[in-house]
Amino acid sequence: MNAIELDGFSIINKFISEPQVNEILSALERRNVLDFDDENASGFNLLRTIPAVEQLASSAKLLSIVRGELGDSTFPIDALLLDKSLNQNWGLDWHQDLKIAVTNKIEVPGYGCWTKEFGINHCIPPREILEKLLSVRVHLDPCTSENGALLVIPESHKRGILSNQDLREIVQREAICCEIDEGGIMCMKPLLLHKSPYSISGQKRRVIQINYCGSQLDNRLRWHR
């Protein structure tokens with residue numbers, strides 16, 4: 001059993017080189033993505049706009065890891081910039097990543113809690129769909145406990161979609177701070193309970209989160225890509 005399956009996450013440092021990091025940062029700067037003032041610019045799919053990000057997401061090196069977890073039919077859905085600094089500071093309490101983006105709203109059993117964010121339909125799918133998702137966080141800066149490194153609770157993904165009571169119980173367990181070097185990646189199951197603290201440092205914490213799926217959706221629902 002690998003670390004992702006066992007703990008719900010894994011970390012690989014020095015996954016991409018410093019020149020690759022600089023290439024992505026330069027591309028983001030040219031498209032003014034780094035100037036977005038939204039807390040996570042989550043309406044901006046970098047797969048469609050930044051070739052360097054699309055190439056990384058589709059690279060054999062990264063796909064071999066993701067497909068080893070989700071299967072050979074796995075494909076990238078989207079890629080988002082998560083930018084955090086003292087000037088653009090934000091935090092999220094303990095949570096799971098439950099919502100997915102779809103092209104159209106169709107009432108299908110098992111899919112609920114519909115919202116529209118950045119003009120895009122979102123919903124919470126069945127547990128079986130969430131278990132076929134994986135997020136890869138590519139770190140463009142060193143990520144430390146001072147500039148907003150994620151806190152995670154290992155194995156919490158095994159409980160499925162948590163009730164409020166389950167969440168209160170699980171957050172009593174010991175959490176791990178996921179400090180990661182520039183160029184490192186973190187692979188994470190969306191059902192893993194995690195927290196994003198506020199930065200208390202002047203250092204930037206820029207992360208590209210690439211979301212992958214290993215299955216299609218039910219009925220006529222389609223991933224928003």
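Start with how the chain folds back on itself: among contacts between residues at least 6 apart in sequence, 81% join residues at least 24 apart. Keep in mind that this is a predicted model.

**The overall picture**

The protein chain holds six helices and twelve strands. Its C-alpha trace spans about 45 × 40 × 35 Å along the principal axes. How does that fit with the number of residues? With 225 residues, a compact globule would have a radius of gyration near 17 Å, and the chain's own 17 Å agrees with that. Of those 225 residues, 53% count as buried. On the outside, the chain exposes about 10,700 Å², and carbon and sulfur atoms supply 47% of that area.

**Two pockets**

Rolling a probe the size of a water molecule over the atoms shows where empty space is left. Here the largest pocket has a volume of about 930 Å³, while the second largest holds about 160 Å³.

The largest pocket is lined by 38 residues. Which of them lie nearest its centre? They are Leu80, Asp97, Lys99, Gln209 and Asn211. By class, the lining divides into 18 nonpolar, 13 polar and seven charged residues. Several strands each supply at least two lining residues, including strand E2 (75–84), strand E7 (133–139) and strand E12 (205–213). Strand E3 (92–95), strand E4 (100–102), strand E6 (120–124) and strand E11 (194–196) each do so too.

The second largest pocket has its own set of lining residues: Glu5, Glu69, Arg127, Glu131, His157, Lys158, Lys189 and Leu191. How do they split by class? There are six charged residues, one polar and one nonpolar.

**Around the second pocket**

Glu131, part of that lining, is found in the loop between helix H5 (127–130) and strand E7. Is Glu131 buried, exposed or partly exposed? Its relative accessible area is 33%, so Glu131 is partly exposed. Leaving out residues up to four places away in sequence, Glu131 touches Leu70, Lys189 and Leu191; of these, Lys189 and Leu191 also help line the second largest pocket. Glu131 and Ser215 are 84 residues apart along the chain, with 9.8 Å between their C-alpha atoms.

Arg127 is another residue of that lining, and it leads us to Arg159. The two are 32 residues apart in sequence, and their C-alpha atoms are 10.0 Å apart in space. Arg159 is found in the loop between strand E8 (151–152) and helix H6 (164–170). Which residues does Arg159 contact, once neighbours within four places in sequence are set aside? They are Arg127, Asp166, Glu169, Ile170 and Arg173. With a relative accessible area of 32%, Arg159 is partly exposed.

**A buried spot in strand E7**

Now move along to Leu133, which lies in strand E7. The cut-off for buried is under 20% relative accessible area, so Leu133, at 9%, counts as buried. Not counting residues up to four places away in sequence, it touches Leu70, Ile77, Ile100, Lys189, Pro190, Tyr212, Cys213 and Trp223. Two of those names may ring a bell: Leu70 and Lys189 are also touched by Glu131. The C-alpha atom of Leu133 is separated by 7.2 Å from that of Asn211, 78 residues away along the chain. Asn211 is one of the residues nearest the centre of the largest pocket.

**Out in the open**

A few exposed residues are worth a stop as you turn the model around.

| Residue | Where it sits | Relative accessible area |
|---|---|---|
| Lys14 | loop between strand E1 (9–12) and helix H2 (18–30) | 70% |
| Cys113 | strand E5 (residues 112–117) | 54% |
| Pro51 | helix H3 (residues 51–57) | 55% |

Why do these residues count as exposed? The cut-off is over 50%, so Lys14 qualifies at 70%, Cys113 at 54% and Pro51 at 55%.

Most residues other than glycine have a negative phi. Lys14 is not a glycine, yet has a positive phi of about 55 degrees. Cys113 likewise has a positive phi, near 55 degrees, and is a residue other than glycine.

As for Pro51, its C-alpha atom is 8.3 Å from that of Ala27, though the two residues are 24 apart in sequence.

Definitions and conventions:
Residues are numbered from 1 along each chain as its sequence is written. This is a predicted model: local features need pLDDT of at least 70, side-chain atom pairs count only at pLDDT 80 or more; totals for chains, interfaces and linings use all residues. Side-chain values use heavy atoms; hydrogens and water are left out. On a 1 Å grid over the protein atoms alone, a cavity is a set of points where a 1.4 Å probe fits but cannot get out, and a pocket is an open set with protein on both sides within 12 Å along at least five of seven lines; lining residues have an atom within 4 Å of a point. Grid points are joined across faces, edges and corners, and a volume is the space filled by probe spheres set on the points. Helices (H or I, at least four residues) and strands (E, at least two) are DSSP runs, numbered from the N terminus. Ala, Val, Leu, Ile, Met, Phe, Trp, Tyr, Cys and Pro count as nonpolar, Asp, Glu, Lys and Arg as charged, and the others, Gly among them, as polar. The radius of gyration is taken over C-alpha atoms; the globule rule is 2.2 Å times the number of residues to the power 0.38. Buried means under 20% relative accessible area, exposed over 50%, partly exposed in between (1.4 Å probe, protein chains only). Contact means heavy atoms within 4.5 Å. Accessible areas come from the Shrake-Rupley method with a 1.4 Å probe; for residues, only the protein chains shown count as cover.
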